[in-house]
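Biologist: Please take a close look at a single part, the largest nonpolar core, and describe what builds it.

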Amino acid sequence: MNKIIAAALAATLATGTAQAAKDTLSLGMVLEPPMLDPTGGAAAATREVVYQNVFEGLTRIDQNGQVVPALAKSWTISGDGLVYIFALHTEAKFHDGAAFDCSVVKFTYERAVAPDSTNAQKGLFEAIAKTECPDPATAVVTLKRPTARFLFNIGFSDTVMIGPASAAGNKTNPVGTGPYLFKRWVKGDRVELARNEAYWGAKPAIASVTFRFVADPSAAAAAMLAGDIDAFPLFPAPETLDQFRADKRFTVNIGTTAGKTILALNNARKPFDDVRVRRALAYAIDRKALVDALGNYGTPIGSHYVPGDVGYVDLTGAYPYDPAKAKALLAEAGIKPGFTMTLRLPPPPYARRGGEVIAAMLEQVGIVAKQEPIEWAQWLDQVFKPQTDYDATIIAHVEPGDLDVYARDFYYYNYKSDEYRATFKQYVETVDPAKQVTLLGDLQRILSRDEPNVYLYALAKVSVWKAGLRGMWPNQPVPANPIAGISWAE
Amino acid sequence: MLAASLVVFLVLSVLPGDPAQLILGTNARPDTLAAIRAQLGLDRPAWLRYLSWMGALAVGDLGTSYTYSVPVAELVAARAAVSLPLALMAVTISISVAIPVGVIAASRRGRGTDVALMGAAQFGVSLPNFWLGLLLILLFAVTLGWLPASGFAGWDAGWLLALRSLLLPAVALGLPQAAILARVTRSSVLETLGEDFVRTARAKGLTRRAALWRHAVPNAMIPVITIIGLQFSFLLAGTVIIENVFTLPGLGRLMFQSIAQRDLIVVQDLVVLLAGSVILVNFAVDLVYGLIDPRLSRR
């Protein structure tokens, strides 16, 4: 008798679980985050795990790259663009029970600019003059000067709210206000998050999520095929996509990212200080053929800006593929056929394999491009640091909307243009959105005209996920994998 | 080990690359870089860093990882919990396949069985282990769905689950090793079969089989044990490719990542620890020599 009851019970339990929609998710990533505090390092992998899941800022960036409210319900901006008044969601709580109010905002912003701060994007906070708390539910942030992207900047992963009591432990035990709380980290393999049942906002559908780290492209494809992983937002094996497309169990999506792949040139080194040479290189590269050869679904770009960015202007027609014109420009600049330059190539395939393709294209116009593979650490140390020991390098800049790098006193391209700097200053300090868009167009046109680097293509976001999974971000405007919007179809 | 520590420290200090810049990326400000260098103790002169590292090491403190911000001891222990069982499983597979194969091939020298077994061993020696790994994944994980394709659930998820995730990589590592070991076993057994004492044993009236297993095989084991010791040392940290194919968080990948990330303290500690473990394995092999050949321990 007991046996029968047990069997019946087991049967009910079994059908019970079969009927309920799946509420777990395992997500594949290529790189493991070195640590889980987005305010203490630059690793994109950290953001892709914790941003908008564990940690939230006053604003957040949505899947279209737009600024939307997060811990700030709403805000008002003074007419001169200097004072921002935020109304806060004080019902929000940190995962350790600590309260969220204006004192947390003040603590977060002051900690980021402190002398011992290790915030990789300290520059984002630089414009803040002071943060004041007239009452716990209101934060008043005063800027030193108007800052065009301020609301975007404070929605970025490096400007999320940090609890004063939990700040020190966030690297290994992140504590935020977000819809998911940190459960455990098996180093080298996975990070597990669980739904925060006390979350202040809407309750997410997924109850527990596992981020799995799979570095090898064929292992990533095998893990998807075997069903170990439900979704791979940045899938590393584009050559296997046809297999996934043909398989009804999977959805393949090609989206966009903010990653600008460029052939960066050392503008301080001869002959790249000559705009004719830089333009010749731009004419010599067939962007469409490059993307096809790499099979990475990139979109050609004409300046340091990608389609989808606010105020994007299509300048891809400025330097169409034209080897004859490239040769003529090189001859005009006094470059003889057989001129040798070095391409220093960091490890990602877009650089190493891209380097091979570009070297072959440059050969067509009489340039010998020697390929020199280097480690990422060497790239940072030798190309990026002030000695800028390089002719040219291939690199993807993934920071969204980073037109500011061309206006800096020093950046490794060694591009110096007073016109660009003046226009950029004007853009940053403009309050009127329509005027901002006009100036953004001007900045892109100056870059296209001067062509300090050869702009190649925007990196694509190639994703594979199980059919039936809803709410995955199709595009990647900022590094993030927000789980709250994801669910399984019934 | 002291020599190893000095060599690795010197090599790492001339290697280009700045750990602080690697942590903070391309948007870091100079003052932020300086803050993190001070936090990691990288603002001190090299000789002071070496001395403080050695001083801490002497009292068993391995320091704190630059990238992970956790004690290196914790990091290494977690990785060794994967690498050590994996190496043991691979060596067990290697031994249990290689010794029977080697002995049988030797006893059937020149006949069909020998030719077939040694042909298979030749095939195994030339088989790249990562390729074998991919084939195993395709067969057992993707097609049959019996075992996970990759990853390691951790020992706290249950030992059965953990062993399941180590089984395919252990086979991928163990079989090519077995092929090498089988060839060594065969030639060593053949050599002893020609010795006088085996002929004496046969003359005493022992059967061929008894003479083989009781007299020839034990005497042929010295070179076999040496190879097993070498294979085990290799398997502890030389398995980075297999670890990548199966996404296992082992010591090999830790070493590889630490070098790429310029997590210098982890690289230094690992080199010293691995040098130590090779010494330990060699010592264990010497002990085993003594067990199987009493003449060696009496000396």
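Modeller: What follows describes that core and then the domains of chain B that feed it.

This is a predicted model, in which local features need pLDDT of at least 70 and side-chain atom pairs count only at pLDDT 80 or more, while totals for chains, interfaces and linings use all residues. Residues are numbered from 1 along each chain as its sequence is written, and chains are lettered from A in the order in which they are written.

A nonpolar core is a set of buried Ala, Val, Leu, Ile, Met, Phe, Trp, Tyr and Cys residues joined through C-beta atoms within 7 Å; buried requires 20 or more other C-beta atoms within 10 Å of the residue's own, with C-beta atoms placed from the backbone. The largest core has 219 residues, and among the members touching the most others are A:Ala220, A:Leu263 and A:Val454. Helix H5 (residues 72-107) of chain B gives the most to this core, 15 residues; helices are DSSP runs of H or I, at least four residues, numbered from the N terminus. At least three residues come from each of domain 1 (2-58) and domain 2 (72-297) of chain B, the bounds being from an automatic or database domain assignment.

Leaving out residues up to four places away in sequence, A:Val454 touches A:Ile262, A:Leu263, A:Leu265, A:Leu281, A:Ala282 and A:Ile285. Contact here needs C-beta atoms, placed from the backbone, within 7 Å.

In chain B, the C-alpha centres of domain 1 and domain 2 lie 37 Å apart. Their contact takes 9 residues from each of these domains, and H1(B) gives the most to the domain 1 side, with 5 residues.

Technical notes. Buried ≥ 20, exposed ≤ 12 C-beta atoms within 10 Å, placed from the backbone. Helix = DSSP H or I, 4+ residues; strand = E, 2+ residues; numbered from the N terminus. Contact = placed C-beta atoms within 7 Å.
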